[in-house]
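User: I am new to this structure and would like a close look at one part of it. Please take the place where ligand 1 sits, and then set it beside the surroundings it belongs to.

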Amino acid sequence: MRNVTLIALSLLIGIVLALTTAWSQDDMTVVDNAAFDNPQRTPSVFVHDEHNEMAEIDDCAKCHHLYEDGKLVEDESSEDQSCSECHDLEGSGDQPSLVKAFHTNCKGCHQEQKKGPIMCGECHIK
Amino acid sequence: MHSFYNFVSGPLAWIAFILFFGGSTYRIVRMLMLVNEKEKFIFTYMSWRYSLRSIFHWIIPFATVNWRRQPVLTVVTFAFHICLMATPIFLLSHVVLWDEAFSISWWTLPDAMADVMTVIVILGAVYFLVRRLTLPEVKFVTSGSDFVILAIVAAPFVTGFFAYHQWLSYPLIMCLHVLAGDIMLAAIPFTRLSHMLFSPFTRAYMGSEFGKVRHARDW
Ligand code: HEM
Ligand code: HEM
């Protein structure tokens, strides 16, 4: 009886572990557009890990930059925050609006490297 | 395809806008200079009051006898021109690009509404085409260039519509769209599309002559 309980328990724990890792597995395939009031486009394709591997970006702060008191904090990143926590829909001064932050970041690098999508419909695929 | 896109939406777009604004200014200044040389007396009876009164009547649907005489044409002409000018100016995609290029932005249409307005422009162009092909009195005064002009105006809307819906090869259509837009902008001052520049002057002239000289209405 004790053996059966042990087996059942470990099975259960195994299943729960498998399920949670499956859930938390970071297979982000698009950039969530929930922060926008009334999204006009499909969310942009962006397979996070695959993209960064293919584009050979090691520095998380290339996208997840960190600012404190308006100053860029070198060698630190902000991947625990979403872009919309700092970039609002309107933008102000040097801080671009949320759309513009995304577009400048994504398209800017693609233009610079002459690789990756630059036209609306290449990211916002219908 | 990306380098071609960057070319048509970069240097070529600059050239198109310079031709549009520069050419428009040139055409208007030239016209005023010619009048000044040849028919200076016109200035003596130009009047703000009669000019604006005439323009005001002609930009209201059905406010003139001519508009009332041809109700279908009037509705099509107004719907066509309003959508023709409002859609590209207030299009979200265009404003996104202005914002990225020059950090300027303004109110935009919802994409779904812009899409409907695009269809209205395309249908308007089809109506003008059919009219030219079928009505004897219009056919008589139609030449090849009328069809070219109609095509120049319809092209950015047809390609923009296809691009928005991502039909056919998207990158190719997108490039063709921007090219078509550049061509249309550059063509405005130098083709019959310049009626956009001259129609206010023609109306002002007619209004003034009818109002001040003939003491009549021109609507
Ligand atoms: C430098 C010139 C131009 C550029 C860079 C440009 C760019 C664009 C872009 C990026 C789109 C969005 C396509 C998409 O959603 O994937 C678009 C759509 C469109 N553009 Fe342009 N455009 C230009 C000129 C023009 C002009 C001159 C007109 C008309 C007079 C025009 C009318 C339209 C229309 C009607 C749509 C599609 C609207 C819809 O069906 O939703 N464009 N354009
Ligand atoms: C304030 C600006 C404008 C005014 C007052 C104006 C006025 C007119 C008028 C009165 C007509 C004749 C419609 C009829 O047959 O009864 C017309 C036709 C037309 N306009 Fe305009 N227009 C303006 C701007 C534009 C612009 C910016 C474009 C395109 C770039 C344009 C393109 C056309 C076309 C394609 C036609 C139809 C020609 C045909 O019959 O085949 N217009 N316009």
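Analyst: What follows describes the site of ligand 1, then the contact between the chains, then the site of ligand 2. The model is a predicted one.

Around ligand 1 there are 23 residues, and those that come nearest are Arg41(A), His94(B), Asp115(B), Tyr170(B) and His177(B). Because the residues that surround ligand 1 come from chains A and B, the site is shared between the chains.

Several polar side-chain atoms of chain B can be placed against the ligand. For His94(B), such an atom lies 2.7 Å from a nitrogen atom of ligand 1. Asp115(B) has a polar side-chain atom 2.7 Å from an oxygen atom of ligand 1, and for Thr118(B) the distance to an oxygen atom of the ligand is 3.4 Å.

The helices α7 (92-102), α8, α10 and α11 (170-187) of chain B each give at least two residues to the shell around ligand 1. Of these, α11(B) gives the most, with seven residues. Sorted by class, this shell holds 14 nonpolar, six polar and three charged residues.

Since the site is shared between chains A and B, the contact between them is the next thing to look at. Chain A brings 16 residues to the contact and chain B brings 21 residues. About 1,500 Å² is buried between the two chains, and carbon and sulfur atoms give 50% of that area. Three salt bridges are counted between chain A and chain B. One of them joins Glu100(B) to Lys107(A), with the closest N and O atoms 2.7 Å apart. There are also 12 residue pairs in polar contact across this interface. On the side of chain A that touches chain B, the elements that give two or more residues are α3 (98-113) and α4 (120-123). The largest share, four residues, comes from α3(A). This side of chain A divides into five nonpolar, six polar and five charged residues.

Ligand 2 has 18 residues around it, and His81(B), Leu84(B), Arg132(B), His195(B) and Met196(B) come nearest. Side-chain polar atoms of His81(B) and of His195(B) each lie 2.7 Å from a nitrogen atom of ligand 2. In the side chain of Arg132(B), an N or O atom is 2.9 Å from an oxygen atom of ligand 2. Two or more residues of this shell come from each of α6 (71-90), α8 (111-134), α10 (144-164) and α12 (195-213) of chain B. α6(B) gives the most, with six residues. By class, the shell around ligand 2 has 11 nonpolar, four polar and three charged residues.

Definitions and conventions. Residues are numbered from 1 along each chain as its sequence is written. Chains are lettered from A and ligands numbered from 1 in the order in which they are written. This is a predicted model: local features need pLDDT of at least 70, side-chain atom pairs count only at pLDDT 80 or more; totals for chains, interfaces and linings use all residues. Side-chain values use heavy atoms; hydrogens and water are left out. Contact means heavy atoms within 4.5 Å. Buried area is the accessible area (1.4 Å probe) that two parts lose on being put together, summed over both. A salt bridge is a side-chain nitrogen of Lys or Arg within 4 Å of a carboxyl oxygen of Asp or Glu. A polar contact is a pair of N or O atoms within 3.5 Å; within protein, one must be able to donate a hydrogen and the other to accept it, and residues adjacent in sequence count only if both atoms are side-chain atoms. Ala, Val, Leu, Ile, Met, Phe, Trp, Tyr, Cys and Pro count as nonpolar, Asp, Glu, Lys and Arg as charged, and the others, Gly among them, as polar. A residue is near a molecule or strand if one of its heavy atoms lies within 4 Å of it.
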